[in-house]
Amino acid sequence: MRISRANGVFGVEFYDVDVSVISEDELNQARAAQNEHGVIFFRDQRLSPEQHLEFARRWGEIVVNRFFERVEGFEQIAMVRKEPRHKTAVGEEWHTDHSYDQVPAKGSILYARQVPGTGGETLFANMYLAYDSLIDSLKKTLSSLNAVHSSKHVFSKSAIEEHYGQEERYHNHELATQDSIHPIVIVHPDSGKKALYVNPTFTVQIQGWTVDESRPLLDYLYQHAIKPAHVMEFKWEKDSIAFWDNRATWHRAKNNYPTETRIMHRVTIQGSPIKGCGAKENADGAEADLN
């Protein structure tokens, strides 16, 4: 297995390894790289859906996304597709997967089945770097704050219709009922590093503050997080894998291939409860108190 730095400020690419038969030693090297960088990549894979799932299980229990369409015959694999008739790409706004869950997802393994001739890149923002580059006084303030995350304004039927019109790629709108509370600064359960844990798509407000009161600080953090010094771009090839840690990164898909098709298969790994570095924990799983 060859290892090289990705073309950006963070990230690691792995070559000459078949993840369907990856050794435990190689897997440990990949784990260490993901803990350090937040996202890792594997090129030139040839995976069946069964092999995709088996690779994912070596990292943890699989969690099924409630809202994405599924790959036929494989309920644990989400279909992420954009065809020329679709005006929007799935995940084209900055976000981290499943932050609306009481126990957010650990990571997502995205496998490229079909990619456009040009375009369709994915951008990643590193939340370790975003936190580290904040001024100390703001770090201190954030350490005592929690934020509210929700799925309701994104995946409910009314939200989908408002933003996308008649959209067949999203399902189970009645299940968009999640509100959760997480520290704004978390301590990563594996790396022990501190990371910023809010995102523009699913974070709705700071706990105990109104939405209007929360907006200036959250907007500042969002703009800070996507500074060039914190962001890298991954150029897809067919049969590539991107595996990101949702506790340490944001991501967004570029919607820049209007006449072509992009089809990806995604398997998501269940995480563990996340802890902060000073904020009162929401350990009992109580629903968020929204203002």
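This briefing covers the overall form of the chain and the surroundings of two residues, His-251 and Lys-235. The model is predicted. The chain holds 7 helices and 18 strands. Its radius of gyration is 18 Å, close to the 19 Å that the globule rule gives for 291 residues, so the chain is as compact as a globular protein of that length.

**Overall form**

- The C-alpha trace spans about 50 × 45 × 35 Å along the principal axes of the chain.
- Of the 291 residues in the chain, 55% are buried.
- Among contacts with a separation of 6 or more, 82% are between residues 24 or more positions apart.

**Surface and charge**

- The exposed area of the chain is about 12,500 Å², and carbon and sulfur atoms supply 49% of that area.
- There are 33 positive and 41 negative side chains in the chain.
- The centres of the positive and negative sets lie 3 Å apart.

**His-251**

- His-251 belongs to strand S16, which covers residues 249-253.
- The relative accessibility of His-251 is 6%, under the 20% cut-off, so this residue counts as buried.
- Two polar contacts involve the His-251 side chain: one reaches the side chain of Asp-97 at 3.3 Å, and another reaches the side chain of Trp-244 at 3.4 Å.
- Asp-97 and Trp-244 also appear among the residues in contact with His-251 once neighbours within four places in sequence are left aside.
- On that basis, His-251 is further in contact with Glu-93, Trp-94, His-95 and Thr-96, with Thr-122, Leu-123 and Phe-124, and with Asn-246.

**Lys-235**

- Lys-235 sits in the loop between strand S14 (231-234) and strand S15 (241-245).
- With a relative accessible area of 48%, Lys-235 is partly exposed, whereas His-251 is buried.
- The side chain of Lys-235 makes a polar contact of 2.9 Å with the side chain of Glu-233.
- Leaving aside neighbours within four places in sequence, Lys-235 is in contact with Arg-43 and Glu-121.
- Arg-31 is 204 residues from Lys-235 in sequence, and the C-alpha to C-alpha distance between Arg-31 and Lys-235 is 22 Å.

How values were computed: Residues are numbered from 1 along each chain as its sequence is written. This is a predicted model: local features need pLDDT of at least 70, side-chain atom pairs count only at pLDDT 80 or more; totals for chains, interfaces and linings use all residues. Side-chain values use heavy atoms; hydrogens and water are left out. Helices (H or I, at least four residues) and strands (E, at least two) are DSSP runs, numbered from the N terminus. The radius of gyration is taken over C-alpha atoms; the globule rule is 2.2 Å times the number of residues to the power 0.38. Buried means under 20% relative accessible area, exposed over 50%, partly exposed in between (1.4 Å probe, protein chains only). Contact means heavy atoms within 4.5 Å. Accessible areas come from the Shrake-Rupley method with a 1.4 Å probe; for residues, only the protein chains shown count as cover. Lys and Arg count as positive and Asp and Glu as negative; His and the chain ends are not counted. The place of a charge is taken as NZ of Lys, CZ of Arg, CG of Asp or CD of Glu. A polar contact is a pair of N or O atoms within 3.5 Å; within protein, one must be able to donate a hydrogen and the other to accept it, and residues adjacent in sequence count only if both atoms are side-chain atoms.
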